[in-house]
Amino acid sequence: MNKPILLGLAALVVVSAALIFLLSSGDCHASLDALKASAAREGWQFAGRHGEAWPACEQRREEADNGIVFRRANGVEQRYQGFNGYRMQVRFLRATAGDEIIVVLRSAQARANPRDESESVELEPRVR
């Protein structure tokens, strides 16, 4: 292929990725730091992540108390336990390259009277 055709195809790929990023159904984040800043404004603190491709857009969120259990797209179950008294949130994102990214957050403040961890970590998470 000649150089003008390659440049045109590259430009088309970049524009397509940008459109997917902008038209996504959820909030889009340029980096993990940008997501952390946005989450902090909403009262959440970073607890963990799976995946590293950015930028990425949110697909869905799940919440639970005291810990959270969720499945990655590949079927692997993940458990975040030991957060007694905290609200937990998992944000499922998709990078513009198609990679899955999962970010786990906990509430900035613990509840004054937390329930026993065993009561809610196994409950079905609430999907937002």
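Arginine 61 has a relative accessible area of 8% in this predicted model, and because buried means under 20%, arginine 61 counts as buried. Its side chain meets that of glutamate 58 in a salt bridge, with 2.7 Å from N to O, and glutamate 58 is itself buried, at a relative accessible area of 4%. Side chains of opposite charge can pair when their charged atoms come close. The two residues also belong to a wider arrangement, since a network of salt bridges links Asp27, Glu42, Glu58, Arg61 and Arg91. Across the whole protein, the count of salt bridges comes to 13.

A further set of charged residues is centred in this account on aspartate 65, which counts as buried at 15% relative accessibility. The side chain of aspartate 65 meets that of arginine 87 in a salt bridge of 2.8 Å, N to O, and this pair links distant parts of the chain, with arginine 87 in strand S6 and aspartate 65 in strand S3, 22 residues apart. Aspartate 65 also forms a salt bridge with arginine 111, where the closest N and O atoms are 3.4 Å apart. That second pair again links distant parts of the chain, for arginine 111 lies in the loop between S7 and helix H3 (117-120), 46 residues from aspartate 65. Arginine 111 counts as partly exposed, at 31% relative accessibility.

The strands that carry several of these residues can now be placed beside one another. Strand S3 (residues 56-65) and strand S6 run antiparallel and are joined by nine bridges, and within this pairing glutamate 58 stands opposite leucine 93 of S6. Strand S6 is also joined to strand S7 (residues 100-107), by seven bridges and again in an antiparallel manner; here glutamine 89 has leucine 105 in S7 as its bridge partner. Seven of the nine residues of S6 (residues 87-95) are buried, so this strand is largely enclosed by the rest of the structure. Four residues lie between the strands in the hairpin of S6 and S7, where glycine 98 takes a positive phi near 100 degrees.

Asparagine 66, in the loop between S3 and strand S4 (68-71), offers another backbone detail. Most residues other than glycine have a negative phi, and most peptide bonds are trans. Asparagine 66, although it is not a glycine, has a positive phi of about 70 degrees, and with a relative accessible area of 0% it is buried. In the loop between S2 and S3 lies proline 55, and the peptide bond that leads from tryptophan 54 to proline 55 is cis, with omega near 5 degrees.

Alanine 53 lies in that loop too, between strand S2 (44-50) and S3, and at 17% relative accessibility it counts as buried. When its neighbours within four places in sequence are left aside, alanine 53 is in contact with Ala95, Asp99 and Ile101. Alanine 53 and alanine 30 are 23 residues apart in sequence, while their C-alpha atoms are 9.7 Å apart in space.

A covalent link also ties the chain to itself. The protein has one disulfide by count, and it joins cysteine 28 to cysteine 57 with an S to S distance of 2.0 Å. This pair links distant parts of the chain, as cysteine 28 is in strand S1 (residues 28-29) and cysteine 57 in strand S3, 29 residues apart. The link of cysteine 28 and cysteine 57 is right-handed, with 105 degrees about the S-S bond. Cysteine 28 is partly exposed, with a relative accessible area of 29%, whereas cysteine 57 is buried, with a relative accessible area of 3%.

On the surface, Ile5, Leu6 and Leu9 make a nonpolar patch of about 260 Å². Leucine 6 has its place in helix H1 (residues 3-23) and is partly exposed, at a relative accessible area of 47%.

These details belong to a protein with three helices and eight strands, whose elements run α-β-α-β-β-β-β-β-β-α-β from the N terminus on. Of its 128 residues, 36% count as buried, and the protein exposes about 7500 Å², of which carbon and sulfur atoms supply 54%. Among contacts between residues at least 6 apart in sequence, 66% join residues at least 24 apart.

Notes
Residues numbered from 1 in each chain as written. Predicted model: local features only at pLDDT ≥ 70, side-chain atom pairs only at ≥ 80, totals over all residues. Heavy atoms only, no water. Buried < 20%, exposed > 50% of the residue type's maximum accessible area, 1.4 Å probe, protein only. Helix = DSSP H or I, 4+ residues; strand = E, 2+ residues; numbered from the N terminus. Pairing = 2+ DSSP bridges. Patch = residues over 30% accessible without salt bridge, like charges linked within 9 Å, V, L, I, M, F, W, Y side chains within 5 Å. Areas by Shrake-Rupley, 256 points an atom, 1.4 Å probe, with all protein chains shown as cover. Salt bridge = Lys/Arg side-chain N within 4 Å of Asp/Glu carboxyl O. Disulfide = S-S within 2.5 Å. Contact = heavy atoms within 4.5 Å.
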